Amino acid sequence: ETLLTIQKRKMRNKFVAIIDDDLVFARGLAARLSELGIESVLVNSALDLLSVLSIERPGFIIMDTMLNWINPAELIDSFRKNPELRDIKVFMVTEQKPDKSSNEIRNISDENIFYKPLHCDHLINMLREEIYSDEPT
């Protein structure tokens with residue numbers, strides 16, 4: 001095993017795209033990630049998302065389930081069909097109560113769902129576990 005392979009195994013891509021129209025939440029989360037040395041970018045439109053995906057593919061996406069410019073379930077499906085994007089880990093956040101959105105969320109395969117208002121610590125801990133996972137990228 002080379003040193004590069006070992007490093008890749010121990011640390012996944014630390015670049016996170018945050019797709020949420022709640023700017024207070026998104027900026028607060030981005031600030032917390034920055035404090036931990038995790039680079040992030042706020043995505044506010046389909047054009048922003050295409051730009052981020054084409055320039056520097058994120059290792060992770062944190063996305064609201066209720067966006068007015070894209071259907072998150074369709075976006076995730078398109079990621080899974082694209083060999084270049086299928087390994088991006090997606091975390092979903094929603095303001096909807098579990099009983100109101102459970103059918104919609106169940107259709108979003110095995111993504112991690114977090115309900116707002118949320119304490120960012122749990123989401124960040126899950127993200128850190130993924131970044132520093134022993135599994136190869």
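Helices, here runs of at least four residues, and strands, runs of at least two, are the DSSP elements numbered from the N terminus. By this count, the protein chain of this predicted model contains 6 helices and 5 strands. Reading from the N terminus, the elements follow the pattern α-β-α-β-α-β-α-β-α-β-α.

A good place to begin is the confidence of the prediction. The average pLDDT of the protein chain is 76, and 77% of the residues reach at least 70. One stretch calls for a more careful reading: over residues 4–11 the pLDDT stays under 50, and the model has 12 contacts for these residues beyond four places in sequence.

The strands come together as a sheet. In general, strands of a sheet pair through backbone hydrogen bonds, and the pairing can be parallel or antiparallel. Here the 5 strands make an open sheet with parallel pairing, in the order 2-1-3-4-5. Strand 2 and strand 5 (112–115) are found at the edges with a single partner strand each, so one side of each has no neighbour in the sheet. From one strand to the next, the twist averages 20°.

Strand 1 makes a helpful guide to the pairing. Strand 1 (residues 15–19) and strand 2 (residues 39–43) run parallel and are joined by 5 bridges. Within this pair, Ala 17 has Val 41 of strand 2 as its bridge partner. To get from strand 1 to strand 2, the chain passes through helix 2 (residues 23–35), giving a β-α-β crossover that is right-handed. Strand 1 is also joined to strand 3 (residues 60–64), again in parallel, by 4 bridges. In this second pair, Ile 18 is matched with Ile 62 of strand 3. For readers following the side chains by eye, those of a regular strand alternate between the two faces of the sheet.

A helix can also be placed against these strands. Helix 3 (residues 46–55) lies across strand 1 and strand 2, and runs at about 150° to strand 2.

Finally, a few totals describe the chain as a whole. Of the 137 residues of the protein chain, 37% count as buried. The exposed area of the protein chain is about 8100 Å², with carbon and sulfur atoms supplying 51% of it. Contacts also link distant parts of the sequence: among those between residues at least 6 apart, 67% join residues at least 24 apart.

Conventions: Residues are numbered from 1 along each chain as its sequence is written. This is a predicted model: local features need pLDDT of at least 70, side-chain atom pairs count only at pLDDT 80 or more; totals for chains, interfaces and linings use all residues. Side-chain values use heavy atoms; hydrogens and water are left out. Buried means under 20% relative accessible area, exposed over 50%, partly exposed in between (1.4 Å probe, protein chains only). Contact means heavy atoms within 4.5 Å. Accessible areas come from the Shrake-Rupley method with a 1.4 Å probe; for residues, only the protein chains shown count as cover. Two strands pair if DSSP finds at least two bridges between them. A crossover is right-handed if, with the strands pointing away from the viewer, the path from the first strand over the helix to the second runs clockwise. Axes are lines fitted to C-alpha atoms, for helices over the stretch in contact, and angles run from 0 to 180 degrees between N-to-C directions. pLDDT is the predictor's confidence in each residue, from 0 to 100.
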